[in-house]
Amino acid sequence: MRNYLKLLHMEIHRFRYILFALMGMTALVQMCAIAFNAMGEINERNVYFEQTGRAPEEFFAAMSYTRAVQETQFWFAVPVGLSIAVLVIYAFLIWYRDWFGRSTFAYRLLSLPSERRNIYFAKLTAILTFVFVLIGFQLLLMPIGRAIFAMIAPAHQLQPSYIADAIFANQAFKILLPRSFAEFFVNYGLGVISLLVLFASILLERSYRWLGIVYGLAYAGFCALLMVYPMLALGLDYSTGYFYTEEAYAIQMAIDALIVVSSVWLGLYLLKKKVSV
Amino acid sequence: MIELKGVRKRYRGRYVLNGLSFTADKGNITCLIGMNGAGKSTVMKAIMGLVPVKEGQILVDGKPRGRWIYEKISFVPDHLTMPLSMKMSEGLTFMADFYASWNAERAAELMRFFRLEPSEKIGNLSKGTAAKYNLVLGLAPNSDYVLMDEPFSGIDLFSREMIADVFSSELIEERGVLLTTHEIGEVEHLIDKAVILQDGKAEMEFDCETMRSEEGKSIVDVMREVYSR
């Protein structure tokens, strides 16, 4: 356990600058988007007042942070999408950076006098940590954005907004920050399963090289097929399916559990017995 | 004793190691000799469990390998094995964190001997300095065996002299060393035993001192004979 935590700390430490850069970029883009949106709306109201001499409140609805988030959702989604892309790429790099380049850290990692599974779980939890740090930071940014919006908007024209409503106003957040635990479980469960399948495929490639690419792609394809099969064949998302919804869900869960167990087992087996530098 | 028995390893469709057997004893410097691609580095990696072998046995002190060997055997590859973003001191801390056999005092002594600056980034090291740092990482633990893969490759004269000095020091005396090098002439006087690899097998395994005194042949002479057959 101690060695696992040390390895996890090292993995997080190695990614820290990229993580900070992603957090900085997210904060900058989203807060600027909110500020520009608020200033643009105030400007519109001022123009209306100058042209008509009438109070903008008569014509415009009160300024709302929720609406601002909805109107700027593209700019909210850009850093989120970029962060996801970086993390997907890093899910590959977290392995390959240790094998390639001037320094091959894989030699050292695989020669540690501790269980090799610690390497696997440290890399896995490092990626999950990055995901949840970014999600947590996004949640933190929402009230900060509201405070910035409230500072710019005139108090008498400001309509109070709930953070939950603001989150729901953005299409990307509906997936990343779902309202129900069941949705959270499904969305992040699928993410974790994909990561486990990717790790198993990478380790197949690292074990069997060129042939391993074929094995890896075949394994990933097989798992993907297995995951979508219940939806296509068992009518999971159709009320007219052969199985009751609960039964179809149970089958889906069993298949997902099977993929999790087989991917972790395969990854650990390859790391212990087959992987080479 | 490190013992290989009939080890076979396939790489890119051919057997790089094809029934290789030899021993490397504690207290001796054993040199693996072979042409390029003879499988010298593969032998080292196979002993360390860094490549799986298809057949055969690798025993350390009579026992099959397990993760316990990493406390007993240090490996000094011919390139860096620590993240380039780390400082040398951080690399030493990493080793101290994971290896019970790590000897921090000896590490500090070696750093001084090689005149290495702990605050320097590993990514900034020249080839020669990287080789010295690799030696620090390999020799600082209280391990019984040290495997060294081409410790002199691409290194300037003065650095070579420093590394050669290590071979005749007490840092090596008690341990078993398995070495691969192309610079035989430079270390011939230090080597106790030579193993000549050809076609994935140990073509010849001999005691260098006996060969010199009884047959009047140097390692290079024996190599010439073997490879001209």
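This is a short walk through a predicted model, starting with chain A, moving to its contact with chain B, and ending inside chain B.

Let's begin with how chain A is divided. Its domain assignment gives domain 1, covering 1-177, and domain 2, covering 178-277. Between the C-alpha centres of these two domains of chain A there is a separation of 27 Å. Where they touch, 18 residues come from domain 1 of chain A and 13 residues from domain 2 of chain A. If you look at the domain 1 side of that contact, four elements of chain A give two or more residues each: α4, α5 (105-110), α6 (117-152) and α8 (171-176). Among these, α6(A) gives the most, with five residues. The make-up of this side of domain 1 of chain A is 14 nonpolar, one polar and three charged residues.

One helix pair is worth a closer look. Helix α4 (residues 73-96) of chain A and helix α9 (residues 181-233) of chain A have axes that come within 10 Å and cross at roughly 35 degrees. The crossing of α4(A) and α9(A) is right-handed. On the α4(A) side you will find A91(A), F92(A) and W95(A), and these meet L195(A), L198(A), I202(A) and R206(A) of α9(A). Sorted by class, this contact of α4(A) with α9(A) holds six nonpolar residues, no polar ones and one charged residue.

While you are in α9 of chain A, find R209(A), which lies in this helix. Most residues other than glycine have a negative phi. R209(A), however, is not a glycine and has a positive phi of about 50 degrees. Is R209(A) buried or exposed? It counts as exposed, because it has 12 C-beta neighbours inside 10 Å.

Next comes the contact between the chains. It takes 22 residues from chain B and 19 residues from chain A. On the side of chain B that touches chain A, α2 (69-72) and α3 (88-98) of chain B each supply at least two residues. That side of chain B contains 15 nonpolar, three polar and four charged residues.

Now step into chain B itself, at strand β6 (residues 73-76). I73(B) and F75(B) point one way from β6(B), S74(B) and V76(B) point the other way, and all are buried. In a regular strand the side chains alternate between the two faces of the sheet. β6(B) pairs with strand β7 (residues 145-149) of chain B in the parallel sense, over four bridges. To place this pairing on the model, start from I73(B), whose bridge partner in β7(B) is Y145(B).

Follow the chain onward to the loop between β7 and α6 (157-167) of chain B, where E150(B) lies. Like the arginine in chain A, this residue is not a glycine: E150(B) has a positive phi of about 50 degrees. Its surroundings can be read from a neighbour count: E150(B) counts as buried because 20 C-beta neighbours lie inside 10 Å.

The last stop is A38(B), in the loop between β3 (29-33) and α1 (40-47) of chain B. With 21 C-beta neighbours inside 10 Å, A38(B) therefore counts as buried. Which residues does A38(B) touch, leaving aside residues up to four places away in sequence? They are L197(B) and Q198(B). The C-alpha atoms of A38(B) and Y15(B) are separated by 10 Å, with their positions 23 residues apart along the chain.

Conventions. Residues are numbered from 1 along each chain as its sequence is written. Chains are lettered from A and ligands numbered from 1 in the order in which they are written. This is a predicted model: local features need pLDDT of at least 70, side-chain atom pairs count only at pLDDT 80 or more; totals for chains, interfaces and linings use all residues. Axes are lines fitted to C-alpha atoms, for helices over the stretch in contact, and angles run from 0 to 180 degrees between N-to-C directions. A crossing is left-handed if the near helix is turned anticlockwise from the far one by less than a right angle, and right-handed if clockwise. Two residues are in contact if their C-beta atoms, placed from the backbone, lie within 7 Å. Ala, Val, Leu, Ile, Met, Phe, Trp, Tyr, Cys and Pro count as nonpolar, Asp, Glu, Lys and Arg as charged, and the others, Gly among them, as polar. Two strands pair if DSSP finds at least two bridges between them. Domain bounds come from an automatic or database domain assignment.
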